[in-house]
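Colleague: I'm new to this one, so could you walk me through a single part of it? I'd like a close look at the surroundings of the ligand.

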Amino acid sequence: MRTRIAEQLQEHGTVIKRLESECSDSIARIAGRLVETLKIGNKLLIMGNGGSAADAQHFAAEIVGRFAMERPGLPAMALSTDSSALTAIGNDYGFDRVFSRQVEALAAPGDALVGISTSGNSPNVLKALETGRQAGCSTIGLLGRDGGTIAPLCDLALIVPSDITPRIQEGHITVIHILCDLIEQSLFGSLAGDR
Ligand SMILES: O=C(CO)[C@@H](O)[C@H](O)[C@H](O)[C@H](O)COP(=O)(O)O
Ligand SMILES: [Zn+2]
């Protein structure tokens, strides 16, 4: 048992170290796009399945509420939280459309869609990014493995350097917290005025 604990903690540490050495530029580019989106009054629509649905609502809550500083609320929504919309759309049109239908209904040009998928292959996230792109939204992926079929649909993608789903999810939540910090600090704090 001790060995399994140690192995998983070591894998986690390796992923976090590789995020710093290999992905800091991608994180900065994504933060810059999200800051620009919010600065001009557009919103963030965030989605994923399973653990990534939880990440989507965690991210939206930090943006609407607050992350670490007192500041005005900002517009963000997770597309995985409305059980009536999810069951109605899933039942009537198919699970592949649960996010894309909400994008059709809610997205405006200039909004940013954030798709979270460890495999990069969830069809409902893929369809939503396709729909958003056609509607003039930015498409951003928090992905894993080789980025899957979703990566080519993303204007900007962060691919966590791992093939292990839980380690990729741990990378995603770490990056989400960093993005929340950069958004707050860029709009209201020590990075305001930086380009
Ligand atoms: O949290 C976990 C596994 O750690 C699961 O709930 C996982 O999120 C689900 O299997 C998802 O359906 C996987 O989707 P994706 O990350 O490949 O897009
Ligand atoms: Zn999980």
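Modeller: Here is a walk around ligand 1, followed by the annotated positions that go with it.

First, some ground rules: this is a predicted model, where local features need pLDDT of at least 70 and side-chain atom pairs count only at pLDDT 80 or more, while totals for chains, interfaces and linings use all residues. Residues are numbered from 1 along each chain as its sequence is written, and chains are lettered from A and ligands numbered from 1 in the order in which they are written.

Around ligand 1 you'll find Asn49, Gly50, Gly51, Ser52, Ser117, Thr118, Ser119, Ser122, Thr165, Pro166 and Gln169 (a residue is near a molecule if its C-beta atom, placed from the backbone, lies within 6 Å of it). Two elements give two or more residues each to that shell, helix H2 (51–64) and helix H6 (165–188); helices (H or I, at least four residues) and strands (E, at least two) are DSSP runs, numbered from the N terminus. H6 supplies the largest share, 3 residues. By class, the shell has 1 nonpolar, 10 polar and no charged residues. Here Ala, Val, Leu, Ile, Met, Phe, Trp, Tyr, Cys and Pro count as nonpolar, Asp, Glu, Lys and Arg as charged, and the others, Gly among them, as polar.

Take Ser122 from that shell: it sits in the loop between strand S3 (112–116) and helix H5 (123–134). With 24 other C-beta atoms within 10 Å, Ser122 is buried (buried takes 20 or more such atoms, exposed 12 or fewer, partly exposed anything in between, with C-beta atoms placed from the backbone). Setting aside neighbours within four places in sequence, Ser122 is in contact with Asn49 and Ser117, contact being C-beta atoms, placed from the backbone, within 7 Å.

Now for the record. An unreviewed UniProt entry gives "binding site" at Asn49, Gly50, Gly51, Glu62, Asn91, Asp92, Ser117, Thr118, Ser119, Ser122 and Gln169. Those positions span 121 residues in sequence and their farthest two C-alpha atoms are 31.8 Å apart, so they don't all gather at one spot. UniProt positions use the numbering here, feature names are shortened, and annotations may be inferred rather than shown by experiment. Asn91, for one, belongs to helix H3 (residues 83–93) and is exposed, with 10 other C-beta atoms within 10 Å.

UniProt also lists His58, Glu62, Gln169 and His177 under "binding site", again from an unreviewed entry. His58 is in helix H2 and partly exposed, with 16 other C-beta atoms within 10 Å. His177 is in helix H6 and counts as partly exposed, with 15 C-beta neighbours inside 10 Å.

Conventions:
Two residues are in contact if their C-beta atoms, placed from the backbone, lie within 7 Å.
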